Amino acid sequence: MEKVRRASHAGSWYTSNPSKLAEELEGWLKASGIEKSSDVRGVIAPHAGYSYSGRAAAYAFGNIDPTNIKRVFLLGPSHHYYTLKCALSQATIYQTPVGDLPIDLEVIKELEATGKFESMDLGVDEAEHSMEMHLPYLAKVFEGHPVKVVPILVGALSAASEAVYGRLLAKYVDDPSNFFSVSSDFCHWGSRFSYTYYDDKYGAIHKSIEALDRLGMDFIETGDPDGFKQYLVEYENTICGRHPIGVFLNMLKNCSTKIKIKFLRYEQSSQCKHKRDSSVSYASAAAKVDA
């Protein structure tokens, strides 16, 4: 029986008007100047409202060559539902205003059989925005190409759990018909986020935030999950997708295919100059086969 996850954030986080949304997505993809590459096997992309991060996200999704990809694994952090595990969707279809994406029920069954995953009900699924914000881009990029999605909500995992899920999912990386869409924003800075780290050697606050984010991006690019974890322990940077990124780094570490992550775009929602200011950072990366 069909179980539909509605596009619950359409009309607020992004437009629910199909033609307007398609036009926006096409515009951002074109403006990015990014060329599709079949060597790109995954992306890290933001998940804020499109008026904030839609442009930055195009630098990730513009890399996708849909020709040979049959399924997309979505890894998104959980903002509202607390779990120490990863959770799988119970839906059979994810709706978007620009085309619906069917869930790969076979792979969901395979993952359920490991005993490592819990299920999230439709209410949890629809309340969470981290994966939904990737869906319109995926629907647009895969227009005319049949594709299924495997949504995985990533809970508050320990480093050991990230490694367990990374090893478990690594085999899927070695199949070139699989693609991975990892959802994360970067630094959430300001008193409203209870995070005001500032290193005055960089001058303006927004420069300090950028230096902090870029240090984290450098650790991600090295592909070392332990290095990234140490960075998070040391600086406590408010990277909301730290756990999906940690799982993805462990997947790349444990698969046979050599894949390298490279960041292609960095933006901030605004430039913080005073202690009372706040901002969220957005970074887009491509994970590409390293021949």
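**Exercise 1. Which residues point one way from S3, which point the other way, and are they buried or exposed?**

Solution. The model under study is a predicted one. Begin with the two faces of the strand: Arg 71, Phe 73, Leu 75 and Pro 77 point one way from S3, while Val 72, Leu 74 and Gly 76 point the other way, and all are buried. Next, take the strand as a whole, residues 71-77: since 7 of its 7 residues are buried, S3 is largely enclosed by the rest of the structure. Then turn to the neighbouring strands, beginning with S8 (residues 148-154), which is joined to S3 by 7 bridges and runs parallel to it. Within this pairing, Arg 71 has Lys 148 as its bridge partner in S8. Strand S9 (residues 178-183) is likewise parallel to S3 and is joined to it by 5 bridges, and here Leu 75 stands opposite Val 182.

**Exercise 2. Determine the order of the strands in the open sheet that contains S1, and find which strands stand at its edges.**

Solution. The sheet is open and is formed by 3 strands in the order S1-S5-S6, with mixed pairing. Strand S1 (4-5) and strand S6 (101-102) stand at the edges, where each has a single partner strand, so one side of each is left without a neighbour in the sheet. As a last step, consider the pairing of S5 (residues 93-94) with S6, which is antiparallel and consists of 2 bridges; in it, Tyr 94 has Leu 101 of S6 as its bridge partner.

**Exercise 3. Describe how helix H7 packs against helix H8, from the geometry of the axes to the residues in contact.**

Solution. The axes of H7 (residues 205-222) and H8 (residues 225-235) come within 8 Å of each other and cross at roughly 160°. Angles over 145 degrees count as roughly antiparallel, and H7 is therefore roughly antiparallel to H8. The handedness of this crossing of H7 and H8 is left-handed. On the H7 side the contact is made by Leu 212, Asp 213, Leu 215, Gly 216, Phe 219 and Ile 220, and on the H8 side by Gly 227, Phe 228, Tyr 231 and Tyr 235. Sorted by character, the residues of the contact of H7 with H8 comprise 7 nonpolar, 2 polar and 1 charged.

**Exercise 4. Work out how H8 is arranged against helix H9, and sort the residues of their contact by character.**

Solution. The axes of H8 and H9 come within 9 Å and cross at roughly 160°, which makes H8 roughly antiparallel to H9. From H8, the residues Pro 225, Asp 226, Phe 228, Lys 229 and Leu 232 meet Arg 242, His 243, Ile 245, Gly 246, Leu 249, Asn 250 and Lys 253 of H9. The contact of H8 with H9 divides into 5 nonpolar, 3 polar and 4 charged residues. Phe 228 appears in the contact of H8 with H7 and also in the contact of H8 with H9. Asn 250, from the H9 side, leads on to another part of the chain: its C-alpha atom is separated by 5.5 Å from that of Ala 163, although the two residues are 87 apart along the chain. Ala 163 is placed in helix H6 (residues 159-173) and, at 14% relative accessibility, counts as buried.

**Exercise 5. At what angle do H3 and H6 pack, and how far apart are their axes?**

Solution. Helix H3 (residues 105-112) packs with H6 at an angle of about 150°, their axes being 12 Å apart, and H3 is thus roughly antiparallel to H6. H3 passes H6 in a right-handed crossing. The residues that meet are Val 107, Glu 110 and Leu 111 in H3 and Leu 168, Leu 169, Lys 171 and Tyr 172 in H6. The contact of H3 with H6 holds 5 nonpolar, no polar and 2 charged residues.

**Exercise 6. Locate Ser 194 and Glu 236, and state the phi of each.**

Solution. Most residues other than glycine have a negative phi. Ser 194, however, has a positive phi of about 55° although it is not a glycine; this residue is in the loop between strand S10 (188-189) and H7, and it is exposed, with a relative accessible area of 69%. Glu 236 also has a positive phi, near 55°. Its place is the loop between H8 and H9 (242-254), where Glu 236, at 55% relative accessibility, counts as exposed.

Methods: Residues numbered from 1 in each chain as written. Predicted model: local features only at pLDDT ≥ 70, side-chain atom pairs only at ≥ 80, totals over all residues. Heavy atoms only, no water. Axes fitted to C-alpha atoms, helices over the stretch in contact; angles between N-to-C directions. Helix = DSSP H or I, 4+ residues; strand = E, 2+ residues; numbered from the N terminus. Parallel < 35°, antiparallel > 145°, perpendicular 65-115°, else oblique. Left-handed = near helix turned anticlockwise from the far one by under 90°. Contact = heavy atoms within 4.5 Å. Nonpolar A, V, L, I, M, F, W, Y, C, P; charged D, E, K, R; others polar. Buried < 20%, exposed > 50% of the residue type's maximum accessible area, 1.4 Å probe, protein only. Pairing = 2+ DSSP bridges.
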